[in-house]
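Please look through the structure below at your own pace, and then follow the paragraphs that come after it.

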Amino acid sequence: MARRSLATDSPGLLERLEADVVLGAEGYLFELERRGYVKSGPFVPEVVLDHPEAVRELHREFLRAGAEVMVAFTYYGHREKMRQIGREAELEPLNRNALAIAREVADEGGALLAGNICNTWAYDPDDPAGSSSRVREMYREQVGWAVEEGADLVIAETNDYLGEALIAADVVREAGLPCVVTFASISETTVDGVPLEQACERAAAAGAEVVGLNCSRGPATMLPLLERVRSAVDCPVAAQPVPFRTTPEEPIFQALRDASGERAFPLGLDPFTCTRSELAEFAVAARKLGVGYIGVCCGGAPHHVRAMAEALGRTVPATRYSPDMSLHPVLGDDAGVHADRFASWLD
Ligand SMILES: [Zn+2]
């Protein structure tokens, strides 16, 4: 497996993981939905075709915040979803454009380009033979475009069936790129009944170079599972939680209920959002556990990523504008008379 980037002859994913934590960043779907470019519900990345400048801008923001991997925005950009919204004919341009945009921004800051595949909703554990070949075809076409557009690795994410994740790992292995496989199950087992740490072990055995968890869980409920994954496998582990305050009672963000008992997912999650400091603490805790690939998923934004980068001891382009409360007119060192006049505000 190539340790260096074949596209740029710079350190590839595996070489970087040997040296240090690799900081990732995702959450394109939620962030671009908030900005008015993605429809919540179908969650198809049509923005890549309709407003590519918005995708480019968000990549740049994550890059400036310290992300070392630009993940092509092809999540749910697969045949099944494109058919659902009546744009199947634009499947290939969407994938190629997403990869080209991510490559362009990655090259601005020495980052890696990741192709991205995910759960297809076409896999059926009751019909593994029939559905597997369909899933395999969908992955092959997406991974094929990723290879042609110069991807350095492929991330296969939000896997909820082990059977489907193994197909993804196999297709990426065939393509000769490093593969990150992460699971996002609704419980502590995959939907096809395998404990997540064992699913990770199986994905690694099937050829994934990096395995772990993404999405669904916030930092608080992902960390205990990560510990189990870390002990189960020998390869690098990935962790990309959602930045929401999940709890043992509501361990996934889909389960969070607001004060009136209504489901908060996916449009009412704001009050549960983690602060940047909470994500920074997560990054440090995950590194301590031995997690090598650390990032954020749905809900994550550049301020989270910059705080994580800085907590890991890094200075990144956006650090130039990192907070400096010593210069604040009321909270700062020279607040003087203002601190007195605004004393009630400080109580
Ligand atoms: Zn997510």
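**The sheet and its surroundings**

Strands S2 and S3 pair in the parallel sense, and three bridges join them. Strands (E, at least two residues) and helices (H or I, at least four residues) are DSSP runs numbered from the N terminus, and two strands pair if DSSP finds at least two bridges between them. This is a predicted model, in which local features need pLDDT of at least 70 and side-chain atom pairs count only at pLDDT 80 or more, while totals for chains, interfaces and linings use all residues. Residues are numbered from 1 along each chain as its sequence is written.

Within the pairing of S2 with S3, the bridge partner of methionine 70 is leucine 113 in S3. S3 also runs parallel to strand S4 (residues 153-159), to which five bridges join it, and here asparagine 116 stands opposite isoleucine 155 in S4.

These strands belong to an open sheet of eight strands with parallel pairing, in the order S1-S8-S7-S6-S5-S4-S3-S2. The edge strands, each pairing on one side only, are S1 (22-23) and S2 (69-71). Helix H6 (residues 91-108) packs on the sheet and touches S2 and S3 (112-118), where contact means that C-beta atoms, placed from the backbone, lie within 7 Å. The direction of H6 makes about 150° with that of S3, with angles running from 0 to 180 degrees between the N-to-C directions of axes, which are lines fitted to C-alpha atoms, for helices over the stretch in contact.

How many of the residues of S3 are buried? Seven of the seven are, so S3 is largely enclosed by the rest of the structure. A residue is buried if 20 or more other C-beta atoms lie within 10 Å of its own, exposed if 12 or fewer, and partly exposed in between, with C-beta atoms placed from the backbone. In a regular strand the side chains alternate between the two faces of the sheet. In S3, Leu112, Ala114, Asn116 and Cys118 are buried on one side, and Leu113, Gly115 and Ile117 on the other.

Turning to the helices, the axes of H8 (residues 162-175) and H9 (residues 196-205) come within 9 Å and cross at roughly 25°. H8 and H9 are therefore roughly parallel to each other, since angles under 35 degrees count as roughly parallel, over 145 as roughly antiparallel, 65 to 115 as roughly perpendicular and the rest as oblique. Their contact is made by Leu162, Ala165, Leu166 and Ala169 of H8 and by Ala199, Arg202 and Ala203 of H9.

Definitions and conventions
Contact = placed C-beta atoms within 7 Å.
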